[in-house]
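Below are some notes on the model, set out as numbered points. Please read them with the structure open.

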Amino acid sequence: MAHESAETNSPPSTKSGILIPGKTHSVWSPETVLSKLDHRPETNATSPVPFFQILERLKTTKREGWRRFNIVHGESIADHMYRMSIMTMVPPASLATRLDIPRCTRMALIHDMAESLVGDITPLDGISSAEKRRREEATMDYLCKSLLGNVNGGLSGEEIRKVWKEYEDSDTLEAKYVHDIDKLELLLQMVDYERSHGGRVDLGEFANVTTRINLSEMREWADRILEERNTFWAGIGVTPTDGVSGLSKEKMDQMDAYYGKT
């Protein structure tokens with residue numbers, strides 16, 4: 001019988017995704033992770049194979065937010081990006097003629113690539129958005145320069161990093177669309193897990209991202225998802241948390257710092 005690939009995350013716990021307030025954390029760099037790997041990808045190669053190898057970590061690293069609710073065998077980062085990528089291909093009619101859809105799909109596949117080394121940082125981790133960006137910038141430099149710098153004259157790495165930066169800067173319509181898709185995919189997964197657990201887990205705090213969706217067309221999708229969520233909970237006679245009024249000021253402040261106030 002084939003064995004499952006080992007998970008890249010450290011062992012799950014109810015505190016997954018939460019760092020201890022006030023604890024001093026050493027300065028992070030890609031080397032922090034690379035130095036601990038059993039197999040370290042070759043740098044400056046003319047082949048893309050070392051780059052392909054590091055991406056395996058996206059398949060085995062679980063999304064941290066769910067692990068706080070003891071969903072320890074849930075989606076990986078790659079799982080999340082896959083559904084996002086498909087979602088970009090089915091835009092609302094009012095956006096379809098205005099978007100470069102293939103670029104949106106590439107962006108969805110690339111946007112969390114840095115998490116192959118950085119891991120899945122959540123709003124509750126106590127890591128500032130500036131520090132998160134620094135770690136991801138350093139990782140994208142490693143991926144696109146050290147691993148892809150000599151592949152196809154470096155053009156592949158340059159294009160990947162360009163698309164990633166476009167997403168991070170969020171100035172284009174394509175980037176805003178993919179940012180909204182990112183939040184909508186999370187909402188879908190939230191409802192998926194609540195249903196599959198038969199209402200034994202309430203993931204309502206994640207519904208807070210609904211307030212941070214920018215495009216009106218995408219807010220309509222969010223409303224539809226939340227309507228389905230309410231129908232599910234009503235069907236079992238329970239009133240779930242709503243992710244907005246039920247959040248503590250501390251959690252709301254952490255989310256504001258992570259996403260930026262809307």
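**Notes on the aromatic cluster, core and surface**

1. A single aromatic cluster is formed by Trp66, Phe69, Tyr193 and Phe206. The model is a predicted one, so the geometry in these notes is computed from predicted coordinates.

2. Across the whole structure, the search returns five aromatic pairs. One of them joins Trp66 and Tyr193 in an edge-to-face arrangement, with 5.2 Å from centre to centre and 75° between the planes. The label follows from the angle, because planes over 60 degrees apart count as edge-to-face.

3. This pair links distant parts of the chain. Trp66 lies in helix 4 (residues 64–67) and Tyr193 in helix 11 (residues 173–196), with the two positions 127 residues apart. Both Trp66 and Tyr193 are buried.

4. On the overall fold, the protein has 13 helices and zero strands. Read from the N terminus, the order of elements is therefore α throughout, given as α-α-α-α-α-α-α-α-α-α-α-α-α.

5. Which residues touch the most other members of the largest nonpolar core? They are Tyr177, Leu187 and Met190, in a core of 54 residues. Helix 11 supplies the largest share of this core, with 10 residues.

6. Leu187 can be followed further through its contacts. With neighbours within four places in sequence set aside, Leu187 is in contact with Phe206, Ala207, Val209, Thr210, Ile213, Ala222, Ile225 and Leu226. Phe206 thus appears twice in these notes: Phe206 is a contact of Leu187 and also a member of the aromatic cluster.

7. For the chain as a whole, contacts with a separation of 6 or more are 76% between residues 24 or more positions apart. Of the 262 residues, 47% count as buried. The accessible surface of the protein comes to about 13400 Å², and carbon and sulfur atoms account for 54% of that surface.

8. The surface has a nonpolar patch that should be looked at separately. Tyr82, Ile86, Met89 and Val90 make this patch, which covers about 410 Å². Tyr82 is found in helix 5 (residues 77–88). Is Tyr82 buried or exposed? Tyr82 is exposed, because its relative accessible area is 55% and the cut-off for exposed is over 50%.

9. The two tyrosines named in points 3 and 8 make a contrast: Tyr193 is buried, whereas Tyr82 is exposed. Tyr193 belongs to the aromatic cluster, and Tyr82 to the nonpolar surface patch.

How values were computed. Residues are numbered from 1 along each chain as its sequence is written. This is a predicted model: local features need pLDDT of at least 70, side-chain atom pairs count only at pLDDT 80 or more; totals for chains, interfaces and linings use all residues. Side-chain values use heavy atoms; hydrogens and water are left out. Patches are made of residues with over 30% relative accessible area and no salt bridge: like charges are joined within 9 Å, nonpolar side chains (Val, Leu, Ile, Met, Phe, Trp, Tyr) within 5 Å. Accessible areas come from the Shrake-Rupley method with a 1.4 Å probe; for residues, only the protein chains shown count as cover. A salt bridge is a side-chain nitrogen of Lys or Arg within 4 Å of a carboxyl oxygen of Asp or Glu. Helices (H or I, at least four residues) and strands (E, at least two) are DSSP runs, numbered from the N terminus. Buried means under 20% relative accessible area, exposed over 50%, partly exposed in between (1.4 Å probe, protein chains only). Contact means heavy atoms within 4.5 Å. Rings of Phe, Tyr and Trp (its six-membered ring) pair if their centres lie within 6.5 Å; planes under 30 degrees apart count as stacked, over 60 as edge-to-face and the rest as tilted. A nonpolar core is a set of buried Ala, Val, Leu, Ile, Met, Phe, Trp, Tyr and Cys residues joined through side-chain atoms within 4.5 Å.
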